[in-house]
Every structure is written in C-alpha cells, then in structure tokens.
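Dear colleague,

I am handing over a structure to you and would be grateful if you could look through it. My notes on it come after the display.

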Amino acid sequence: DPEFGDAYYNRGYEKKELGDYEGAISDFTEAIKINPEDIDAFVDRGSCKMYLGDDKGAISDFTEAIKLDPQDAYAYSERGSAKINLEDYKGAESDLKQAIKINPEEEIAYTQLGTIKVILQDYKGAISLLNKAIEVNPQDESAYYNLGYAKNSLKDYEGAISDFTKAIKINPEDGDAYRERGLSKSFLED
C-alpha cells in the first residue's frame, strides 16, 4: 500500500529535520522498498547520507532520483555538493550547471559553483556566481561567507568585511565568519 510508503517518508523527513539522520535513512529506505519510484525519498536519503559523510552512498541515491526524474534540479544540486566533498570538481560543476539549466533559480547550485571557484582560486568567477546566488536567495549565509572570502583574496577588504557581516547577521553562530572578518579588518589596517 503506497500510503504506508508516504508514512515512512513523512516520518523520515521529520527525523531528518531533527538531525536524526540514521533514523531518517532507515525510514526513507522503508519508503523506497514500498515505492521504488519515490524520488523524494531517494533525494532525502541521499542528503542524510551526505550529512553523515557517506558521499558515495549519497551520490548513488541522487543518481537514482535523477534516473527517475531527469528534470529534478535539486537532485543535481545535491549530487554536485556530494561530488565537491569528494573533490570531483569537474563532475560537480557538470551537475550544478545542469541544475541551473533545469531551474535558473536553483540557488544552491550557484552557491556551490561559487564554492568550487573559490577552491580553485578563480575569485572573480566566484564573485559573479555568488552574487547570483544572493540575488536568488538574500538569506544564503554560505554565499555571503564565500563571497567575503573571494573578496578578501582579491584584497577588497571593505567588501569582504561587509559580506562576512551579512553572513554573521544570518547565522550569528558562524565562528569562521567572525574569524575571517577579523582577518579582513587586520589587513585593512596594514
């Protein structure tokens, strides 16, 4: 009965939201056993696996979701994120660009593409992508953080301070943003 699959999925989703990723994976797995075409269960199970550091397992789930629905931009974004974790930047870039092609408002894809550019030290490319991510979602803390990092690397310390401050306003618990903002301020004083 597909209704039982929905019950497992819903319970798994709640567990995921509460940070019980192992419990969520168990429920999403049961939902998939009942309905092997439950795209959301594959994507959410993949996200939980990624949170637990099982990026290869996550990629497998995201790939299955994409097979079931090749137009699922979020599945491409999540698979791209898992590939970044595995340092497969070319594979990640391909997935993230596909996500944007499917949905030009897929903010996670812009943020993650910008992150790749920062990692590869293409700071000007990063700034362009991260500005787009912020345009789509002005509350994207990660985009502000990476934007600040890119600007810092280009010696735009005032711009970096502004971006780190925005990241801190969104997430006052982000110690890295405080540290980076402090570095930017010290560079500005030199």
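The notes below take up one helix and then several salt bridges.

Please bear in mind that this is a predicted model.

Helix H8

Helix H8 covers residues 123–136, which makes 14 residues. At 1.5 Å a residue, a helix of that number of residues should span 20 Å, and the end C-alpha atoms of H8 are 20 Å apart, so the expected span and the model agree. The buried residues of H8 are Tyr 123, Gly 125, Ala 126, Ile 127, Leu 129, Leu 130, Ala 133 and Ile 134. These buried residues pack against two helices, namely H7 (107–119) and H9 (141–153).

Salt bridges

Side chains of opposite charge can pair when their charged atoms come close. With a salt bridge taken as a side-chain nitrogen of Lys or Arg within 4 Å of a carboxyl oxygen of Asp or Glu, the count comes to 15 salt bridges. Three of them are described here.

In one of these, Asp 27 pairs with Lys 15, and the closest N and O atoms are 3.1 Å apart. Asp 27 belongs to helix H2 (residues 21–34) and Lys 15 to helix H1 (residues 2–17), so this salt bridge ties together parts that are 12 residues apart in sequence. Asp 27 has a relative accessible area of 3% and is therefore buried, as buried means under 20%. Lys 15, at 23% relative accessibility, counts as partly exposed.

Another salt bridge joins Glu 30 and Lys 33, where the closest N and O atoms are 3.3 Å apart. Both residues lie in helix H2, and because they are three residues apart there, about one helical turn separates them. Glu 30 is partly exposed, at 25% relative accessibility, whereas Lys 33 is exposed, with a relative accessible area of 59%.

A further salt bridge is formed by the side chains of Glu 93 and Lys 97, at 3.3 Å from N to O. These two residues are four residues apart in helix H6 (residues 89–102), so they too are separated by about one helical turn. Glu 93 is partly exposed, with a relative accessible area of 22%, and Lys 97 counts as partly exposed at 48% relative accessibility.

Which residues are linked with Glu 93 and Lys 97 in a network of salt bridges? They are Lys 117 and Asp 122.

With kind regards

Conventions
Residues are numbered from 1 along each chain as its sequence is written. This is a predicted model: local features need pLDDT of at least 70, side-chain atom pairs count only at pLDDT 80 or more; totals for chains, interfaces and linings use all residues. Side-chain values use heavy atoms; hydrogens and water are left out. The expected span of a helix is 1.5 Å times one less than its number of residues. Buried means under 20% relative accessible area, exposed over 50%, partly exposed in between (1.4 Å probe, protein chains only). Contact means heavy atoms within 4.5 Å.
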